[in-house]
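User: I would like to go through the ligand sites in this model. Please start with the terms.

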Amino acid sequence: MAKQLSGAGLRGQVAGKTALSTVGVSGSGLTYRGYDVKELADKCQFEEVAYLILKGELPTQAQLDDYKAKLKSLRTLPQPLKEVLERIPASAHPMDVMRTGCSMLGNLETEDSFEQQQEATDRMLALFPGMINYWYNFSHKDKRIDVDTDADSIAEQFLWTLHGEKPSELHTQVMHASLILYAEHEFNASTFTARVCASTLSDMHSCVTGAIGSLRGPLHGGANEAAMELIEGMENPDDAEQKLLGMLERKEKIMGFGHAVYSESDPRNAIIKLWSEKLAQENGNTSLYDISERCEAVMWREKKLFCNADFFHASAYNYMGIPTKLFTPIFVCSRLTGWAGHVMEQRADNRIIRPSAEYTGEELRPVTAIADR
Ligand SMILES: CC(=O)SCCNC(=O)CCNC(=O)[C@H](O)C(C)(C)COP(=O)(O)OP(=O)(O)OC[C@H]1O[C@@H](n2cnc3c(N)ncnc32)[C@H](O)[C@@H]1OP(=O)(O)O
Ligand SMILES: O=C([O-])CC(=O)C(=O)O
């Protein structure tokens, strides 16, 4: 059953048209251009899904090979961007690094006409994984990494530039699935930000920079990091249960649970949960997975709240040795496809987005001279 949507936050209001995705139409489903996300995550590489979102159809093998080769050729970081990255302190939040990096790229390689929108998007898709890991390695390990790796895909490029070696088959597979799950989600907050920006006929880098800022918050993309902080503070499943019950009693928000549109489940959860379980088994220490499972059971039992896409991403990423603060930047590397797809859609049929407000302020009143106030 679809969720009853009403109230604050523009909930349930149609704010535009899209042919990119449907969310929660039957209460729980997610489709990209008519394909079920589960089938895409089972059968595709992330680049196939990026192609689908940006160009409208799944690629043939030859088109995929060309697209991947093209993206591979666009990984190099411009020197001035590296210099900016090197000046950002280790204490910075990586989402702020993404925001600044994207904005700096927009200064160096401006999108001068909408005809360049696909080029600008491809460049960001190719460059973002290396960009965040260049900063991470420089600021945290004093290393200037070479981002022009031999990695075959964006999934592999992220793990390779982070860890400095070719990742395992399993880890690359999980990253493909993760990037596919995060790629697109209709009019979520960050995508809506991008569309509002696009509606002023602004450039692609401004739209993406704004969207990164919206994704950063813990009520949206930042929830995967917050979920990790939660589960790493739990010693075992029983401890998890006690801690959650206490938090619920204190009416605290539990990050990684609930959704603005889905009513029963988030279809992305079952998929990333399976991968998290596989990674736990590979790791030999299933503690984080067991704790996460108990959290899921307690939240459903107590509040009928279900895990959203972010919750099991926390343990999955942790099992792959990804530092918690890099979780949300991975979301950026993926959602860039959805943001850009929406920007292109907005531009193709644009009217400036400018809603109205209900005024709650003072009645009209005279300005008292300053000496009399
Ligand atoms: C990839 C993504 O961006 S997915 C979302 C990631 N965000 C999170 O995980 C943050 C935690 N979750 C939340 O804050 C919310 O569930 C949101 C922001 C995702 C959706 O917010 P809303 O649409 O306002 O949620 P909804 O209307 O279903 O909330 C109903 C009730 O459940 C409560 N609730 C919802 N989620 C949670 C939660 N995670 N923990 C505790 N209570 C919750 C709300 O506080 C609300 O209670 P109230 O009626 O007493 O005020
Ligand atoms: O749709 C939303 O509100 C949030 C979400 O799950 C996403 O952006 O992936």
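Analyst: On a 1 Å grid over the protein atoms alone, a pocket is an open set of points with protein on both sides within 12 Å along at least five of seven lines. A molecule sits in a pocket if more than half of its atoms lie within 2 Å of its grid points. This is a predicted model: local features need pLDDT of at least 70, side-chain atom pairs count only at pLDDT 80 or more, and totals for chains, interfaces and linings use all residues. Residues are numbered from 1 along each chain as written, ligands are numbered from 1 in written order and chains lettered from A, and side-chain values use heavy atoms without hydrogens or water.

User: Where does ligand 2 sit?

Analyst: Residues near ligand 2 (a heavy atom within 4 Å) include H185, H259 and R268. By the grid test, ligand 2 sits in the largest pocket.

User: How much of ligand 2 does the protein bury?

Analyst: Polar side-chain atoms of H185 and H259 each lie 2.7 Å from an oxygen atom of ligand 2. Such polar contacts are pairs of N or O atoms within 3.5 Å. Accessible area comes from the Shrake-Rupley method with a 1.4 Å probe. Ligand 2 alone exposes 260 Å², and the buried share is 82%.

User: Which residue has a polar side-chain atom 2.8 Å from an oxygen atom of ligand 1?

Analyst: Ligand 1 is surrounded by 19 residues, with L219, H220, I254, G256 and N308 the closest. On the backbone side, an N or O atom of F257 lies 2.9 Å from a ligand 1 nitrogen. The side-chain partner at 2.8 Å is H220.

Note on methods: A polar contact is a pair of N or O atoms within 3.5 Å; within protein, one must be able to donate a hydrogen and the other to accept it, and residues adjacent in sequence count only if both atoms are side-chain atoms. On a 1 Å grid over the protein atoms alone, a cavity is a set of points where a 1.4 Å probe fits but cannot get out, and a pocket is an open set with protein on both sides within 12 Å along at least five of seven lines; lining residues have an atom within 4 Å of a point.
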